[in-house]
Amino acid sequence: MRVVVTGGAGFIGANLCRLLLATPEVSEVVVVDDFSSGLKENVQDLGELRVVEGSILDLDLLCDVLAHAQAVVHLAARPSVPRSLADPLATHHVNATGTANLFEAARRTKVGHVVVASSSSVYGANPVLPKHEDLAPAPLSPYAASKLATEQYALAYAHSFGMKVLALRFFNVFGPLQLADHAYAAIIPVFISSALAGRPLPVHGDGLQSRDFTYVGDLVEILKRAVVGRVTAPGPVNLAFGTRRTLLDVVAILEQILSRPLTRAHEPPRPGDVRHSQADQSRLRALFPNLEPTPLDQGLRRTVEWFRGSSHQ
């Protein structure tokens with residue numbers, strides 16, 4: 001099986017490529033990445049991995065790369081809510097138009113199966129917990145709106161052209177290879193990097209906002225199983241396990257791991273952020289019943305170990 005991973009040099013993509021290369025059913029893995037946020041070092045020295053440098057906004061390139069592929073995992077995106085507030089149209093072009101290009105290329109080349117990454121941010125202002133997939137989306141940011149477009153393109157192409165698709169709503173993913181050294185970094189790598197460097201941990205608001213944190217190893221295992229098993233669903237599927245921890249909970253666990261207290265620096269809440277997020281995992285469990293998630297403390301410990309051995313602190 002030949003699998004194409006868009007955004008394969010990013011944090012999630014590079015973890016997935018490592019797993020796919022070790023999967024007997026997968027004969028070839030091809031990465032498409034423009035390295036706007038992914039790193040070349042993430043995909044260097046990975047054996048038989050083929051890397052194509054280019055953008056998902058280039059339809060001709062996508063058609064060339066997808067020819068003879070049996071599956072695509074579409075992870076390429078312009079990430080971050082704050083980044084989308086700074087440049088909404090750039091987020092739209094990559095996440096919405098880029099996804100339309102991806103599906104049109106997959107249609108033209110007759111790719112058998114496409115798995116796409118959406119986001120829990122599509123729930124936005126909807127206060128219901130846990131978030132189940134039948135809730136009406138209420139995006140609060142251009143990023144969230146663009147990810148809603150991502151999954152809707154997947155489902156529309158499935159309905160219109162009979163394509164086999166799986167649209168997965170990622171929640172707050174963390175783990176090795178996730179960097180903290182840029183303006184739009186996620187909160188867990190920022191916390192860990194700050195703690196290891198002896199800096200105060202920046203906490204937006206009171207720190208009592210909660211998230212359904214997902215360890216990247218669990219997420220890519222599900223992506224692998226989805227590809228190998230050609231798993232599909234008629235609607236979006238949450239990819240998280242129904243846990244809910246506050247940012248202050250994360251700080252407390254890091255204090256236990258590092259065996260010392262950590263100073264916090266509270267900052268104003270970020271525009272566009274939701275207060276609470278927690279997944280209903282019913283649909284996910286129906287599709288992938290045998291995967292047990294990594295506990296948050298174990299995932300954080302593994303991530304701290306990676307940071308300690310990395311040059312990206």
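## A two-domain protein, residue by residue

Cys17 touches Val5, Gly8, Val29, Val31 and Leu49, leaving out residues up to four places away in sequence. This is a predicted model. Cys17 sits in helix α1. Its relative accessible area is 0%, so Cys17 is buried. The C-alpha atom of Cys17 is separated by 9.4 Å from that of Lys224, although these two residues are 207 residues apart along the chain.

**Two domains**

Helix α1 also brings us to the domains. The protein is divided into domain 1 (2-173 + 213-239) and domain 2 (175-211 + 243-279 + 294-311). Their C-alpha centres lie 24 Å apart. How many residues of domain 1 are in contact with domain 2? There are 26, and they meet 28 residues of domain 2.

The size of an interface is often given as the accessible area lost when the parts come together. Here domain 1 and domain 2 bury about 2,200 Å² between them. Of that area, 66% is on carbon and sulfur atoms. Between the two domains, five residue pairs are in polar contact. The count of salt bridges across this interface is zero.

Which elements build the domain 1 side? α1 (11-21), α3 (81-86), β7 (172-174), β10 (213-215) and α7 (216-228) each supply at least two residues. α3 gives the most, with five residues. By class, this side has 15 nonpolar, seven polar and four charged residues.

**Two buried residues in loops**

Ser80 is in the loop between β4 (71-74) and α3. Is Ser80 buried or exposed? Its relative accessibility is 12%, under the 20% cut-off, so Ser80 counts as buried. A polar atom of the Ser80 side chain lies 3.0 Å from the backbone nitrogen of Arg83. Ser80 and Tyr143 are 63 residues apart along the chain, yet their C-alpha atoms are separated by 6.7 Å.

Glu133 belongs to another loop, between β5 (114-119) and α5 (142-161). At 9% relative accessibility, Glu133 also counts as buried. What does Glu133 contact, leaving aside its neighbours within four places in sequence? The list is Tyr123, Arg169, Pro236, Val237, Asn238, Asp280 and Arg283. With Asn238 there is a polar link: the backbone nitrogen of Asn238 lies 2.7 Å from a polar atom of the Glu133 side chain.

**Salt bridges**

Arg283 has another partner, Asp134, and the two form a salt bridge. The structure holds 12 salt bridges. The table shows three of them, including the Arg283 pair.

| Salt bridge | Closest N and O atoms | Relative accessible area |
|---|---|---|
| Arg283 with Asp134 | 2.9 Å | Arg283 29%, Asp134 62% |
| Asp249 with Arg245 | 3.5 Å | Asp249 28%, Arg245 32% |
| Arg285 with Glu292 | 3.9 Å | Arg285 21%, Glu292 59% |

Salt bridges that share partners also join Glu104, Arg107 and Arg108 into one network.

Back to the first row of the table. Arg283 lies in helix α9 (residues 282-287), while Asp134 lies in the loop between β5 and α5. The pair therefore ties together parts that are 149 residues apart in sequence. Arg283 is partly exposed, whereas Asp134 is exposed. In the second row, Asp249 is partly exposed, and Arg245 counts as partly exposed too. In the third row, Arg285 counts as partly exposed, but Glu292 counts as exposed.

Terms used:
Residues are numbered from 1 along each chain as its sequence is written. This is a predicted model: local features need pLDDT of at least 70, side-chain atom pairs count only at pLDDT 80 or more; totals for chains, interfaces and linings use all residues. Side-chain values use heavy atoms; hydrogens and water are left out. Domain bounds come from an automatic or database domain assignment. Contact means heavy atoms within 4.5 Å. Buried area is the accessible area (1.4 Å probe) that two parts lose on being put together, summed over both. A salt bridge is a side-chain nitrogen of Lys or Arg within 4 Å of a carboxyl oxygen of Asp or Glu. A polar contact is a pair of N or O atoms within 3.5 Å; within protein, one must be able to donate a hydrogen and the other to accept it, and residues adjacent in sequence count only if both atoms are side-chain atoms. Helices (H or I, at least four residues) and strands (E, at least two) are DSSP runs, numbered from the N terminus. Ala, Val, Leu, Ile, Met, Phe, Trp, Tyr, Cys and Pro count as nonpolar, Asp, Glu, Lys and Arg as charged, and the others, Gly among them, as polar. Buried means under 20% relative accessible area, exposed over 50%, partly exposed in between (1.4 Å probe, protein chains only).
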